[in-house]
Amino acid sequence: MDKRVVSQEPLIPIDTNNKNELLDIYFNSAVKLFNSIQKDNDKNSREHFTLCGSSIELVFANEQLMPYIMPALKHLSSLSTKNTSLKIFIWDDFTTNTVMSQPPWFGYAVHKKTGDIEGVYTNRGDIKGFNGSEIKTAYNWSANAISMYNPKNRVALYWTRDIRMLPAYETSAPLRTILNWWAEEHNCHFAHGAAVGTSHGGVLLAGKGGSGKSTAALASLNSGLLYVSDDYCLVTADPFPAAHSVFSSAKVDPNNIFRVAHIANMRSNIKNIEDEKAVFFLYPQFAEQITTGFPLRAILLPSITGKHDSELLPASKKDCLKALTLSTMCQFPGAGKKVVNIMLRLVETLPCYWLHFGTDLTQVPNLIYNLLEKTKNIQQ
């Protein structure tokens, strides 16, 4: 007999034009379902971490879910449970023996004969026609995951069908869509970029996948430079340009693992279905080099040359803005004018350079360090 728990909320009709009301009903139904399965695990299934000075609480339906979410966030863990700025409920159907209700937007999709669903999702996860509601919603196709956020009460939901099926990019940068929605309220936004530096400031390395951001950032771990990210970080332009750490993970193309032998023993033991890149968790081994953030002094655009020597050359503001905005906007549901304005302010404020790096990776952190030394006395 099937003993799975099914939401007891009534089925939502799909022939109504009030999509905002549909989302409200669906969100509240999901919260009730979560509360019904989580109450017996309350004591051991909560984690707190601090992001940009604010406390965020993660509430898991059970402890089985934690290894898929917490490793990337553990460096920000906090014992404080006061003044929570955001609460995120996390669960899946598999470990909780539940069945998530069918989302209301399914009634607006085009169901193909092949079984595919078209016409309602964008590639980055926006749900067409359901973006005007106060409740923010996104669907990740490859992770089969729903993210929802109600800014009114600062409660968010993250659900997936089976936590074991999450792709590598999802466990290395968990909850990023929800965290980005929350960050926008604090005048921040995720940037698809790496960030390394010193205690007085750092550089933001921007560019599309494969440009060398991770290689440059991870090469800096052996140099004494501080590490914020290799792929995603939070950035703000006001009151001054700054980068903030969110994830202590790193992703490396299998063909480039030989370049980062110093982190080999930190490879994730989570067996993701999609392992297009190897995932490494740098905390706690590099705890002393992982920093929560620093002011930004420059933007670098990495480029792998294949030559032996590396060099820094001036880059145009146009190239920097393009590298920052395009690779970021295509990955975050709802990203629009806010992110463009933040990135534009960063580019207008900071000097921009091409980082042409060669086969001798030891030159890269030295170039960055020397650049930062020249900006040491610059006031933000």
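Two strands count as paired when DSSP finds at least two bridges between them, and strands themselves are DSSP runs of at least two residues, numbered from the N terminus. With that in hand, let us walk through this structure, which is a predicted model.

## Strand β9 and its two partners

A good place to start is β9, which takes part in two hairpins. In the hairpin of β9 and β10, four residues lie between the strands, and R154 takes a positive phi near 55°. R154 is not a glycine, and its place is in the loop between β9 (145-150) and β10 (155-160). How buried or exposed is R154? R154 is partly exposed, because its relative accessible area is 38% and the partly exposed class runs between 20% and 50%.

The strands on either side of this turn, β9 and β10, run antiparallel and are joined by six bridges. Within this pairing, N150 faces V155 in β10.

On its other partner, β9 is joined by five bridges to β8 (residues 136-140), and these two strands also run antiparallel. Here T137 is the residue opposite M148 of β9. The hairpin of β8 and β9 has four residues between the strands too, and in this one N144 takes a positive phi near 50°.

What about the cover on β9? Six of its six residues are buried. In a regular strand the side chains alternate between the two faces of the sheet. In β9, A145, S147 and Y149 are buried on one side, while I146, M148 and N150 are buried on the other, so both faces are covered.

## Helix α7

Now for a helix. α7 covers residues 337-349, which makes 13 residues. At 1.5 Å a residue it should span 18 Å, and its end C-alpha atoms are indeed 18 Å apart, so the two values agree.

Which residues of α7 are buried? They are V339, I342, M343, L346 and V347. These residues cover an arc of only 130° around the axis, which means that they sit on the same side of α7. A general rule helps here: an α-helix has 3.6 residues a turn, so residues three or four places apart point the same way. On the other side of α7, K337 and E348 are exposed.

Several elements cover the buried residues of α7, including the strands β11 (189-198), β12 (201-206) and β14 (232-236). Also among them are β18 (293-304), the helix α6 (317-329) and β20 (352-357).

One residue of β20 is worth a stop: H356 lies in this strand. H356 is buried, because its relative accessible area is 19% and buried means under 20%. Leaving aside neighbours within four places in sequence, H356 is in contact with S303, T305, D309, S310, E311 and L313.

## Aromatic rings

The structure holds eight aromatic pairs. The rings of F190 and F247 have centres 6.0 Å apart and planes at 25°, so this pair is stacked. Its members come from distant parts of the chain, 57 residues apart: F190 is in strand β11, and F247 is in the loop between β15 (242-244) and β16 (249-252). Both F190 and F247 are buried.

Y232 and F332 form an edge-to-face pair, with 5.8 Å from centre to centre and 85° between the planes. This pair also links distant parts of the chain, since Y232 is in strand β14 and F332 is in the loop between α6 and α7, 100 residues apart. Y232 and F332 are both buried. Ring pairs link F190, Y232, F247 and F332 into a cluster.

A ring can also meet a charge: the charged end of R164 sits over the ring of F94, 3.6 Å from its centre.

## Some backbone details

Two cis peptide bonds are set out below, each with the place of its proline.

| Residues joined | Omega | Place of the proline |
|---|---|---|
| D238 and P239 | about 5° | P239: loop between β14 and β15 |
| Y283 and P284 | about 10° | P284: loop between β17 (278-281) and β18 |

Finally, N187 has a positive phi near 60° and is a residue other than glycine. N187 is found in the loop between α4 (176-184) and β11. Its relative accessible area is 31%, and N187 is partly exposed.

Conventions. Residues numbered from 1 in each chain as written. Predicted model: local features only at pLDDT ≥ 70, side-chain atom pairs only at ≥ 80, totals over all residues. Heavy atoms only, no water. Expected span 1.5 Å × (residues − 1). Buried < 20%, exposed > 50% of the residue type's maximum accessible area, 1.4 Å probe, protein only. Arc of directions from axis to C-beta. Contact = heavy atoms within 4.5 Å. Phe/Tyr/Trp six-rings, centres within 6.5 Å; stacked < 30°, edge-to-face > 60°. Lys NZ or Arg CZ within 6 Å of the ring centre and 35° of its normal.
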